[in-house]
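Student: I would like to go through this model with you, one question at a time.
Tutor: Please bring up the sequence and the coordinates, and then we can begin.

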Amino acid sequence: MTQTRYDHLINSHRGLGAATLRDIIIPALLGTETEGILYWIGKDLAREYPVATEEELIVLTNQLGMGELSLKKRSATQQIWELGGPIVDERLTLDKETTSFALEAGFLAQEIEFQLGSVAEAEVQERGRHIATFLVQNDPQGTSDSERTELVEFIHPQMPTTEEPTSKKRTSLFGRKKKADCKI
């Protein structure tokens, strides 16, 4: 690992451990089979977290630390999705040509297969400066044999509100009148 790579990963949105595992260790272990195996691991990951809607898929993708997913185009047999955000930007900045998005492609294919009930496959169509674009193709005539037993139920963290409850009134010390001094 070079100093530049270390500096980049230590300050990563993913953290040094996750970034090292994803972009250094896994490719070193899998070698030339990295793309194919990551695709199938992505499909297996989707089977662990099946979701029913596009909105839930977008939330889950973000929660898994893959990036910010958005649907750009849809037809009866194809969908175009973009994955962006700081995590994707960092990965592409580090090494645009060899950064793999096969895990995300497999994940996306399986989730769309769950939602449509027909066989779906995905591929990375383009790696831009800050985004990865995926083409998901499905066969409406071919039914999926995917088994999903239970849909993921999302936890949406509650953000603290800045508003005070209306039942409580705050009194300012500056708003009170000063009492006259009592003389004896």
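Student: What share of the accessible surface of the protein chain belongs to carbon and sulfur atoms?
Tutor: This is a predicted model, in which local features need pLDDT of at least 70 and side-chain atom pairs count only at pLDDT 80 or more, while totals for chains, interfaces and linings use all residues. Residues are numbered from 1 along each chain as its sequence is written, and side-chain values use heavy atoms, with hydrogens and water left out. Accessible areas come from the Shrake-Rupley method with a 1.4 Å probe, and for residues only the protein chains shown count as cover. The accessible surface of the protein chain is about 12,500 Å², and the share belonging to carbon and sulfur atoms is 52%.

Student: In what order do helices and strands follow one another along the protein chain?
Tutor: Helices (H or I, at least four residues) and strands (E, at least two) are DSSP runs, numbered from the N terminus. The protein chain has six helices and four strands, and read along the sequence their pattern is α-α-α-α-β-β-α-α-β-β.

Student: Which element gives the most residues to the largest nonpolar core?
Tutor: A nonpolar core is a set of buried Ala, Val, Leu, Ile, Met, Phe, Trp, Tyr and Cys residues joined through side-chain atoms within 4.5 Å, where buried means under 20% relative accessible area, exposed over 50% and partly exposed in between (1.4 Å probe, protein chains only). The largest such core has 25 residues, and those with the most contacts inside it include Leu 57, Trp 81 and Phe 101. Among the elements that give two or more residues to this core are helix H4 (54-63), strand S2 (78-84) and helix H6 (102-116). The element that gives the most, with seven residues, is H6.

Student: How many residues of S2 are buried?
Tutor: Strand S1 (residues 68-74) and S2 run antiparallel and are joined by six bridges, where two strands pair if DSSP finds at least two bridges between them. The two form a hairpin with three residues between them, and Lys 73 stands opposite Ile 80 in S2. S2 is largely enclosed by the rest of the structure, because the number of its seven residues that are buried is five.

Student: Is Glu 126 buried or partly exposed, and what is its relative accessible area?
Tutor: Glu 126 is found in strand S3. Leaving aside neighbours within four places in sequence, Glu 126 is in contact (heavy atoms within 4.5 Å) with Ile 131, Ala 132 and Thr 133. Glu 126 is partly exposed, and its relative accessible area is 48%.
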